[in-house]
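How do two protein chains meet, and what does one of the helices at their boundary look like? Please look through the sequence and the structure before reading on.

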Amino acid sequence: MTPDVPTLLDDMAEQARHYLKTHGIEQPIVVGIHSGGVWIAEHLRERLGVERPLGKLDISFYRDDFSRIGMHPQVRPSELPEDLDGEHVLLVDDVLFTGRTIRAALNELFDYGRPASVTLAALVERDGRELPIEAAIVGAHMELGPAEQIKLRGPEPLRLERVAIDPEDLEA
Amino acid sequence: MTETLIAHPGARLPEPGPLPNRLQLTDDGQLRHMLTIEGLNRELLTEILDTAESFANMNEKAVKKVPLLRGKTIVNLFFEASTRTRTTFELAAKRLSADVLNVNINTSSAVKGESLLDTLRNIEAMNVDMFVVRHEESGTAHFIARHVAPGISVLNAGDGRHAHPTQALLDMFTIRRHKGDFTKLKVAIVGDILHSRVARSQIHALNILQTGEVRVVAPCSLLPANVDQLGVHVYNDLDAGLKDVDVIIMLRLQRERMEHAHLPSEHEYYQLFGLTSRRLQLAHPTCLVMHPGPANRGVEIESAVADGPHSVILEQVTYGISVRMAVMSMVMGAHQA
């Protein structure tokens, strides 16, 4: 059985409220990573009552595997609501795996300015990290087999699915 | 350059035209070189325009650069003068974080009698990844693409009267941004079609994108002999050709390519084929006015029109960077795949 996404979202929102409060952050900019991260970010933003518009990142131009797999066919424009200088960013992704996507997202974020802080929230954190990256807000921790991965399907309804690994996605 | 090419056995310039795709596409249909628009399909052109769209949005960033081609070296190999094309290619490469080498052959080894292949081999030996080539001879980019080492991409930045694919792509990008769907559009290309590689590439691109109606408007002396085979409606009268069109693409009167007297005088040309404010009223009220530049004001276009509210001439320049970034990243990606 895979966990129920709305329940995880409620739990993440609770953790995020606590985190923001203890760090004295009132209005973060919530930024989702395409595609799954954007869905999760939008739900979190609603639950947290953040009024500022949602930010969206497509990290295709920042991936470290371009020299191996080439251009991603569908690159959606990144949309960040404003200048990031001095802002607190809540960066949201669906699955935290190797950490390479987050590395790319951080690089892209810093091309928009110098945020005061970046906090990572992930719906699912699984084993297999290849970089020193960790999430402060996590919906579920999962241990998966080496040939398995977890995918977020959506946008409506959002649900998690365990699938056999696609070699092309290994680096994602 | 012609003499130096003939000096090399087997280095004959190919006739530009059929089967360019065996050269410019990989086995699985990805773009490896960009030599000509001819023969590409609608999906690929749309993919290029979509990719350019994501790069166009990059201008909002504080740092207008992405690390996509970091560590790649791109050589601008220009055998013919150009400011706009060379600088936008250069800027596109730099915004993709590539290193750029500008080689102007007029002032370099061509005058010392080095052949094109020798020049090519020498620059190749510097471990470069891409050539952007402009040459007065049709077919030069094809020739280079056939002789470069595997893994190196060639982009045609204009060859003789043959093709200027990235210019046509940036024009399509400009039209799509303003007008959306091509199938309902009437587009008129006006001026020196005979000498224009830009017109040839535009006609191919417009037809591949299934444009409603493509018109060419020119005096008979400035039309190529086979113009009716290009899938266009031919007009010799500007007023009739502009009637209700959604897009007007003016071409530069190529004075430097006029070996023979194709025209009585520039003044008469302006009277008959110059785009004036009065004539613009014949077109659709929301008509776009485009020009690949540099415009001869008072020869093919009135200054008030070039600078007027219908003109998107400067947008074309801006979009040229995004479109060239798209093509560069796609060809580099295809080699890796």
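The paragraphs below treat the interface and then one helix.

This is a predicted model, in which local features need pLDDT of at least 70 and side-chain atom pairs count only at pLDDT 80 or more, while totals for chains, interfaces and linings use all residues. Residues are numbered from 1 along each chain as its sequence is written, chains are lettered from A and ligands numbered from 1 in the order in which they are written, and side-chain values use heavy atoms, with hydrogens and water left out.

Where chain B and chain A are in contact (heavy atoms within 4.5 Å), 19 residues come from chain B and 14 residues from chain A. A salt bridge, meaning a side-chain nitrogen of Lys or Arg within 4 Å of a carboxyl oxygen of Asp or Glu, is found once across this interface, and it joins the side chains of Asp111(A) and Lys61(B), with 3.4 Å from N to O. On the side of chain B that touches chain A, α3 (42–56) and α13 (313–336) each supply at least two residues, and α13(B) gives the most, with five residues; helices here are DSSP runs of H or I, at least four residues long, numbered from the N terminus.

The helix α3(B) has 15 residues, which at 1.5 Å a residue (the expected span being 1.5 Å times one less than the number of residues) should span 21 Å, and its end C-alpha atoms are indeed 21 Å apart. Within α3(B), the buried residues (under 20% relative accessible area, 1.4 Å probe, protein chains only) include Leu44(B), Leu45(B), Ile48(B) and Phe55(B).

How values were computed: Buried means under 20% relative accessible area, exposed over 50%, partly exposed in between (1.4 Å probe, protein chains only).
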